[in-house]
Amino acid sequence: MARHLITSAIPYINGVKHLGNLVGSQLPADLYARYLRARGNEVMYFCATDEHGTPAELAAAKAGKPVAEYCAEMHALQERLSAGFRLSFDHFGRSSSPQNHALTQHLAVRLFEAGLIEVVSERQVYSKADRRFLPDRYIEGTCPNCGYERARGDQCENCTKQLDPTDLIDPRSAISGSTDLEIRETKHLYLRQSLMRDQLRAWIDSKTDWPVLTTSIARKWLDDGEGLQDRGITRDLDWGIPAQFPGAPWSGMEGKVFYVWFDAPIEYIACAAEWAEAQGLDAAAWQRWWRTDKGAGDVRYTQFMGKDNVPFHTLSFPATILGSGEPWKLVDYIKSFNYLNYDGGQFSTSQGRGVFMDDALDILPADYWRWWLLSHAPEGGDAEFTWENFQVSVNKDLADVLGNFVSRVTKFCRAKFGLSVPGGGTPGAREAALGKEIADKLRLYEGHMEAIEIRKAAAALRAIWVAGNEYLQDAAPWASFKEDPDRAAMQIRTALNLIPLYAVLSAPFIPDAAATMLGAMNCPGAGWPDDLSTALARLRPGDGFTVPEMLFAKITDEMREDWQARFSGTRG
Ligand SMILES: [Zn+2]
């Protein structure tokens, strides 16, 4: 038994996430957490919503709501959908929590005292009408390159040219439309990441077991061009964690907040404090997961994220933690993912393209999605969701292989022996071979799960299901029943015993179906088969069971075509 801390990249607050987001962080993290719990480890799995930054302000304005109210509603919505997908967070926190405010400000002070934050004077656009400095994307004007009249201060949407606000012709505030703008001197805080380059490189170099996808991205940011750059960590926004606060060792940051990418990863820690508060526990309860001086020395910490998030988790956040000089737990393993594409293009939140979590649960139960997404996780390269592939995978793996096995075995037993496990007969060579085959495949499955090789784990699990079908086909109890009913009873008892085993092994992938299977076999508390031969004889003669409802319905061509058409455009 070991202690495992798991976090998945925290989803941004502005609306419902699509399936590409889900498979790139939360879903594989949930799989791993469920597996480790099933193996008897002490597991803490945290996720949260990432709530600060300009996009949240803009989305709230578009929805006509105060940003705090908007974020509270969206957090509740995301939490509900996470529960719908059976994501087993120990706590689903919020980066806007008081705990994250306090911790972010605390860490900034520590970094400043260590000489790793400097105050930099900059010239920036100020709007007198709005009485605030304007972030680049809050300034609009005419593009000097193409003449588009609604170009933003950071980029022209029409010709894609990168811009500075001072490039714009006839600049105006995107908030009020006012043209009464001027350039003013202002101050910002910069995190001096460049000073930590050698320390970060040594740390990355020590991670010889990390996936190349993770370390190659980190090294690119460390060394490409002029190397790791210092980074502005304050912004001119109302919504966020104030950069000027009682006890701040700097001045002139009034009206500024920390940049969302500074405070978001700190929420991984603050979320633990939120969890403790929600559980009515004291600080020691969460610090034993995060402070190596307070019990976290034996914790193994694994992070899950899409590849676009890797630089922030391999460099920026470790710079914050290492730079603080405090004994916070550093990540031990980063599992990163490529992108999942959608039917010949990309999933896109801004364009509403693809299948989103709410729509997905409207049309099918979570297990169907979990199985397809995990068994096609974008590990080696980008993966693609197509409705044809989804249909084939669900129908073959879930309905034909697993669902059909459970249905045939329980229904045959009901018809010939009744609703209790039949006694009689003695297992022979074929049963011994089945046991050996399952033992081998189980070791393979466990190895892939330990290594977080998700596609391989799914394939190994499927192979264990297939072994049961092949046994049933070979043993043919429907034939032996006519000549030797005792032999048929032994065969069906063997097959019935595979059902709770399959349920336990499959639960990390398809928890609802697993619970249904365990319920039908009257062993809801069945644990991991550490001793396989005991597990394969769990159901004894006379034990009662029920025939479960159909575990998985097949996806018909009509359904597939209907969904294909329904999700071909963009959501409103
Ligand atoms: Zn342009």
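C146 is partly exposed, with a relative accessible area of 35%. By that I mean between 20% and 50%; under 20% is buried and over 50% is exposed, using a 1.4 Å probe and protein chains only.

Before I go on, a word on the model. It is predicted: local features need pLDDT of at least 70, side-chain atom pairs count only at pLDDT 80 or more, and totals for chains, interfaces and linings use all residues. Residues are numbered from 1 along each chain as its sequence is written, and side-chain values use heavy atoms, with hydrogens and water left out.

Back to C146. What coordinates the zinc ion? Four sulfurs do: the SG atoms of C143, C146, C156 and C159, at 2.3 Å. Donors here are N, O and S atoms within 2.8 Å of the metal, or 3.2 Å for Na, K and Ca; water is not among the atoms, so sites may look incomplete. The angles between the four donor atoms run from 105 to 113 degrees, which makes the site tetrahedral. The cut-off for that word is four donors with all angles between 85 and 135 degrees.

Now the spacing. Along the sequence, the donors read C-x2-C-x9-C-x2-C. C146 sits in the loop between strands 6 and 7, and C156 in the loop between strands 7 and 8, so this pair ties together parts ten residues apart in sequence. C156 is buried, at 0% relative accessible area.

Next, the strands themselves. Strands are DSSP runs of E, at least two residues; helices are runs of H or I, at least four; both are numbered from the N terminus. Three strands make an open antiparallel sheet, ordered 7-6-8. Strand 7 (151-152) and strand 8 (169-173) are at the edges with a single partner each, so one side of each has no neighbour in the sheet. Strand 6 (residues 139-142) joins strand 7 through two bridges. Pairing requires at least two DSSP bridges. G141 faces A151 of strand 7.

Any cysteines left over? The whole structure has zero disulfides, meaning no pair of cysteine sulfur atoms within 2.5 Å. For C413, the nearest cysteine sulfur belongs to C523, 14 Å away. C413 is buried, at 0%.

Last stop, helix 13. This helix, residues 387-416, kinks by about 40 degrees, centred on N404. The bend is the angle between axes fitted to the seven residues ending there and the seven starting there. Just after the helix, G418 has a positive phi of about 90 degrees.

Notes. Tetrahedral: all angles 85-135°; square planar, octahedral: opposite > 155°, others 65-115°.
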